[in-house]
Amino acid sequence: DDFQYIFDKYAIEKNTQQFQGAYDRHIEDKLFSILAHEITHMTEYGRDRHSYPRRADPNKTDDNYLVAYYNHPHELKAYLREIIIEIKRYYATFADFNTIMLASPIWQAINKYLTDKSKKIMLSALYAYFERYIKKGAK
């Protein structure tokens, strides 16, 4: 009985530590992704800073605005940077480009708003990076 209690207590503590570790990694990954996105914008400021689309109603986000926003060259570049980080993160689990793109929360969020031209630009750049990353040995 005492042994079972100790075993159960250990299992609960171990599971809690594993969950906390996974949660911390998720927070760190998301924070790193956001910082990479915003740092990419910092390199862009000064050029076309006022060319961002404006919302018709600042309190609402409609599909037309999102299409304009996600297809803006600065946003494409920043999201490209974020998805490259995801490729590095997911390559250990999914060694296939298509599977990584399906697993990418960022790609899934923006894909529906991209024009065909923007999708082609993004996918070409991402696939080229993926190929180079694999050929380098995925380090």
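Accessible areas here come from the Shrake-Rupley method with a 1.4 Å probe; for residues, only the protein chains shown count as cover. The model is predicted: local features need pLDDT of at least 70, side-chain atom pairs count only at pLDDT 80 or more, and totals for chains, interfaces and linings use all residues. Residues are numbered from 1 along each chain as its sequence is written, and side-chain values use heavy atoms, with hydrogens and water left out.

**Exercise 1. Describe the chain as a whole.**

Step 1. Take the surface. The accessible surface of the protein chain is about 10000 Å², and carbon and sulfur atoms hold 57% of that.

Step 2. List the secondary structure. Helices (H or I, at least four residues) and strands (E, at least two) are DSSP runs, numbered from the N terminus. The protein chain has six helices and zero strands. The pattern along the sequence reads α-α-α-α-α-α.

Step 3. Get the buried share. Buried means under 20% relative accessible area, exposed over 50%, and partly exposed in between (1.4 Å probe, protein chains only). Of the 139 residues in the protein chain, 29% are buried.

Step 4. Sort the contacts, that is, heavy atoms within 4.5 Å. Take contacts between residues at least 6 apart in sequence: 59% join residues at least 24 apart.

**Exercise 2. Decide where the coordinates deserve caution.**

Step 1. Read pLDDT, the predictor's confidence in each residue, from 0 to 100. The protein chain averages 76, and 66% of the residues score at least 70.

Step 2. Compare helices. Mean confidence is lowest in H1, at 61, and highest in helix H5 (residues 105-110), at 92.

Step 3. Check the start of the chain. Over residues 1-7, pLDDT stays under 50, and the model has zero contacts there beyond four places in sequence.

Step 4. Conclude. Where pLDDT is low, predicted coordinates should not be read in detail.

**Exercise 3. Find which side of helix H2 is buried, and what covers it.**

Step 1. Pick out the buried residues. In H2 (residues 63-70) these are Tyr65, Leu66, Tyr69 and Tyr70.

Step 2. Use the arc, taken from the directions from the helix axis to the C-beta atoms. The four residues span an arc of only 115° around the axis, so they sit on the same side of H2.

Step 3. Name the cover. H3 and H5 are among what covers the buried residues of H2.

**Exercise 4. Place two residues of helix H3.**

Step 1. Start with Glu82, in helix H3 (residues 73-91). Its relative accessibility is 4%, so Glu82 counts as buried.

Step 2. List its partners. Leaving out residues up to four places away in sequence, Glu82 touches Lys30, Ser33, Ile34, His37 and Ile106.

Step 3. Move to Leu80, also in helix H3. With the same sequence neighbours left out, Leu80 touches Met122, Ala125 and Leu126.

Step 4. Add a distance. Leu80 and Leu123 are 43 residues apart along the chain, and their C-alpha atoms are separated by 9.1 Å.

**Exercise 5. Contrast two loop residues.**

Step 1. Locate Asn111: the loop between H5 and helix H6 (116-135). Lys112 lies in the loop between H5 and H6 too.

Step 2. Classify. Asn111 is partly exposed because its relative accessibility is 21%. Lys112, at 62%, is exposed.

Step 3. Take C-alpha distances. Asn111 and Tyr70 are 8.9 Å apart, with their positions 41 residues apart in sequence. For Lys112 and Val67 the values are 8.5 Å in space and 45 residues in sequence.
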